[in-house]
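Me: I'd like a close look at one part of this model, chain B. Could you walk me through how the chain is laid out and then go into its loops and one residue in a helix?

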Amino acid sequence: MEETKFTPQTWPNHAEQATAEGKNKFVGIWIFICSDIVLFASVFATYLSLRNKGPAGMEFTTQSLFELPLAFVMTMLLLTSSLTSVYAMYHMKNYNIKGVITWMAITVLLGLGFLGLEIYEFYHYVHIGFGYTQSAFSSAFFTLVGTHGLHVIIGLVWITCLIVRNAKRGLNLYNAPKFYAASIYWHFIDVVWVFIFTVVYLMGVLG
Amino acid sequence: MGHHTEVQAKTKAQYEYDRHHNAVHMKKQVVNFAIMIFLTFLAFAVVVADFSPYLIKPFILLLAGIQVVLQLYSFMHMDDKNGHHIGVISTYVWSGAMIIFPVFLAFVTVVWW
Amino acid sequence: MSSVAVSKKKGFGAVLWDYLTTVDHKKLGVMYLFAGVLFFAIAGFEALLMRIQLMVPNNDFISAGLFNELLTMHGTTMLFLAATPLLFGFMNAIVPLQIGARDVAFPFLNSLGFWLFFLGAIFMHLSFFMGGAPDAGWTSYASLSLYSPGHGIDFYVLGLQISGAGTLISGINFIVTIITMRAPGMTFMRMPLFTWTTLISSSLILFAFPPLTVGLFFMLVDRMFGANFFDHTMGGNTIIWEHLFWIFGHPEVYILVLPAFGLFSEIIPVFARKRLFGYSSMVFATILIGFLGFMVWAHHMFTVGMGPTANAIFAIATMAIAVPTGMKVFNWILTIWGGSIKVTVPMLYALGFIPSFVAGGVTGVMMATAPLDYQLHDSYFIVAHFHYVIVGGIVTAIFGSMHYYWPIMFNRTLSEKLGVLTFWVFFIGFHLTFFLQHFLGLMGMPRRVFTFQADQGWDLFNYISSIGAIMMAVGVVLLVINVLLSIKTPPVNRRDYWGDGRSLEWSIQLPVPFYNFKQTPLVRGFDPCWLEKQEGNKEMMTYAEPLGDIHMPNNSILPLIMSIGLFIAAFGALYHPDGVSWSVPVIVIGLGITVLAMITRSVKDDHGFHVHVEEVIATEERLYGKGGNK
């Protein structure tokens, strides 16, 4: 089926919600996020009750383990990637596919940077003996931060697929909702991270 | 249902108005981003500054709350009245937030040994 | 890939391929229904074996270990793999028709949800042939299940993880469908009660299944990958499983019972031939039950030792749920009151449902009283209570609705005479089985025991209870016979089978064409079918658009492939703790299949197809004869 070709003048204001499928995707990604809120809440709640719990004589605690500079850099990377995806959506409104692709690519790069630091952090912890099976605390920590990391990976694969698929063919009412949904999902990853850096790292350092 | 939406060319005035509107909106987003960066910085700063944990903990939780609301309503466009069924969506989001509250309460109070 | 609406008789392979790839909500509804009946029969058979074992004291019909496996699989299967899909079957088949939609919001996800559920269910049942079924109860408390030898619990965890993902996906799909796909004029406060309860119950799925996913994941990594969430020697806490399980488990009860309420709210006004009494209070009560359902989970854990404050809060919150539920019961009674009642089979089930369910509700309030719960906990009283709720509430709704909606789903009818017989056999059997179990519980008989001694005074009641169970089994067999006989009945081929239909689905000429509505209907008020009939409209429907091209989704095999990928990966995870060398590769291959299928879905455009006006007219003529749908 051929797609309608648009120009900046004919591109609708809410292109992501111009078709019935677009409306469904818009509502659908939000409803999915609602269930993800409860998923993360369950892992968070478990982490809170297992924080610093381990076998007798466990040497690792949140205070001895976490380093704020690393958490700060990761936070800045992810927060900035949230802004860059807003830029991508701004260019989508103006029917500028180049802008969309460029800013989405920057988002992916920032996300990769975040992911690299997280892998480094995990590797470091495992290296000093704080492995996944070391204690209840370690299991809960890796599961919580790892679940977020998994969401980041899924987001990166998703956005990369969108970039590869749509870089050549430009924007239309079929792929606009896809870009929009991916960006909403990416913001949600950032929302979760806000709680992770506050509750896990900052409150962890406080003890 | 269908893909054959009416293609309507905007008038020049409408087009320029929309472009301008988008640009102004983007500027607002950048300001929101600056506020988020500031809140993050503040949260890290008070922890590093080593105030009493009883002061810091509620404070940084509050900052996190503000930041999340900013994300939801500006970056994720929950403030956009034109969003399809955005009222229903808000209801779901806040219902989710309400449902997890007793979960946290239970896990920090009645799971104890 | 596009499906073609041609009338030619298809070969077996083509039909099979059609069902494997279908995204049509009506076909998926039928598939859910039959899958649900299959697992209902399996779980019912397990219950029958248990009742035979408990018929006489010191029985050695089955061993203690097998009894544990049977009780676990009975509970798990009935809740997750029988009741849920049976209700999903009705939701799929009926809700889009009730709101005037041509399909659900995400037909692809609808199919994915079904296949995930089905393969997860198959995976769990393979345990019987692969070294033993799960044996720690449907609640699978961590302190017991972590130390259960063999792979039974692993089958439980992985199977539920897969089928739970399917349920969650279907839940999201229903929510979005009801929010966005309603026909013009179908405002929220004109939606039929079944659509409302589907919406609320899907919302409960949305919020309740993630905690289950998380709990199952903890159990999975604890048992298979050496994590320590529930191991107290490593700082873990077994109570966390109980909380996560019941944060899911209590809403699960409402996930199942709310659609049942909705089905009865459809049946009762039609056969009382009166408008549903207190529609808006019914809606409000549904929402309130859904909301309160999340605030009461710890009433399953009164004896854990959470302390008097927590127990008191959860006790009061639990009792509060009786209020909206009571509102509903009174509304049903007041709908019947003064109506011109036709006692058909669906109505018979509705009339049987009200007292049975109220009995189950009242014992629920008894157990909500925390001090009394210390006496009743883990006794046969609780077994009697939840079977009164589930059989008296949900199973009656499913059986009644099968009779009620059979014409729409299959264009055939179930026999009324056989239906009445089925009802009485099943209903009497049900009360015989479970009524006396209240007293067995009060006499001190604990649940989940495989036998008892002769001198404990439990002999007679257990014997009668087992007789009742056999009667229930006979009732189910009669229902299956009724279903088989319905194949031979003449097709219905008309509108409004019951003659007093009120909501939109009865306005549709049977058989329902694959696009449901040739023109989108315009809903001009509550109970649109009844409204149009009152105004003498022979078509029972006002249209919101002229006859035009209809856009429909494409079929796809990808949902099945994605589900098979997870199915394969689950085997890798299952055998991982055995230290076999192929476990990790199998996990990677399985997940790889799923991810590749997802990427294929993402990058391959799927625009659906258009049914052109001429095709619509031709289809209508083929279905309804010359002149089409007039």
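Reply: What follows goes through chain B from the overall layout down to single residues, with a short look at its neighbours at the end. Keep in mind that this is a predicted model.

Let's start with the fold. Chain B has three helices and zero strands, so along the sequence you simply read α-α-α. How spread out is the chain? Its radius of gyration comes to 21 Å, well over the 13 Å that the globule rule gives for 113 residues, so chain B is more spread out than a compact globule. The C-alpha trace tells you about the dimensions too: along the principal axes it spans about 65 × 35 × 15 Å.

Now for burial and surface. Of the 113 residues in chain B, 43% are buried. The chain exposes about 6400 Å², and 69% of that comes from carbon and sulfur atoms. As for charge, you'll find 7 positive and 6 negative side chains, with the centres of the two sets 4 Å apart. On contacts within the chain, take the pairs at least 6 apart in sequence: 49% of these join residues at least 24 apart.

Next, the loops. Helix H1 covers 12–48 and helix H2 covers 53–75, and Asp50(B) sits in the loop between them. What is odd about the backbone at Asp50(B)? Its phi is positive, about 65°, although the residue is not a glycine. Asp50(B) is also exposed, with a relative accessible area of 63%.

Go on to the loop between H2 and helix H3 (86–109) and you meet His85(B). Here again phi is positive in a residue other than glycine, this time near 55°. His85(B) is partly exposed, at a relative accessible area of 25%.

Then there's helix H3 itself, where Val93(B) is found. Is this residue buried or exposed? Val93(B) is buried: its relative accessible area is 3%, and the cut-off for buried is under 20%. Which residues does it touch? Setting aside neighbours within four places in sequence, Val93(B) is in contact with Leu72(B) and Met78(B) from chain B, and with Trp30(A), Cys34(A) and Ile37(A) from chain A. For a sense of distance, pick Val46(B): it is 47 residues from Val93(B) in sequence, and the two C-alpha atoms are 30 Å apart.

Those chain A contacts make a good cue to glance across at that partner. UniProt, in an unreviewed entry, places the feature "transmembrane region" at residues 27–48, 68–88, 100–120, 140–164 and 184–204 of chain A. Two of those spans are worth a look in the model. Residues 100–120 of chain A are 100% helix and 0% strand, with the end C-alpha atoms 30 Å apart. Residues 184–204 of chain A are likewise 100% helix and 0% strand, and there the end C-alpha atoms lie 29 Å apart.

Last, a couple of spots in chain C while you have the model open. The peptide bond from Leu510(C) to Pro511(C) is cis, with omega near -5°. Pro511(C) belongs to the loop between helix H15 (459–486) and strand E1 (521–522) of that chain. Elsewhere in chain C, Thr363(C) lies in helix H11, residues 345–368. Thr363(C) counts as buried at 7% relative accessibility. Leaving out neighbours within four places in sequence, Thr363(C) is in contact with Phe381(C), His385(C) and His438(C).

Note on methods: Residues are numbered from 1 along each chain as its sequence is written. Chains are lettered from A and ligands numbered from 1 in the order in which they are written. This is a predicted model: local features need pLDDT of at least 70, side-chain atom pairs count only at pLDDT 80 or more; totals for chains, interfaces and linings use all residues. Side-chain values use heavy atoms; hydrogens and water are left out. UniProt positions are given in the numbering used here, feature names are shortened, and annotations may be inferred rather than shown by experiment. Helices (H or I, at least four residues) and strands (E, at least two) are DSSP runs, numbered from the N terminus. The radius of gyration is taken over C-alpha atoms; the globule rule is 2.2 Å times the number of residues to the power 0.38. Buried means under 20% relative accessible area, exposed over 50%, partly exposed in between (1.4 Å probe, protein chains only). Contact means heavy atoms within 4.5 Å. Accessible areas come from the Shrake-Rupley method with a 1.4 Å probe; for residues, only the protein chains shown count as cover. Lys and Arg count as positive and Asp and Glu as negative; His and the chain ends are not counted. The place of a charge is taken as NZ of Lys, CZ of Arg, CG of Asp or CD of Glu.
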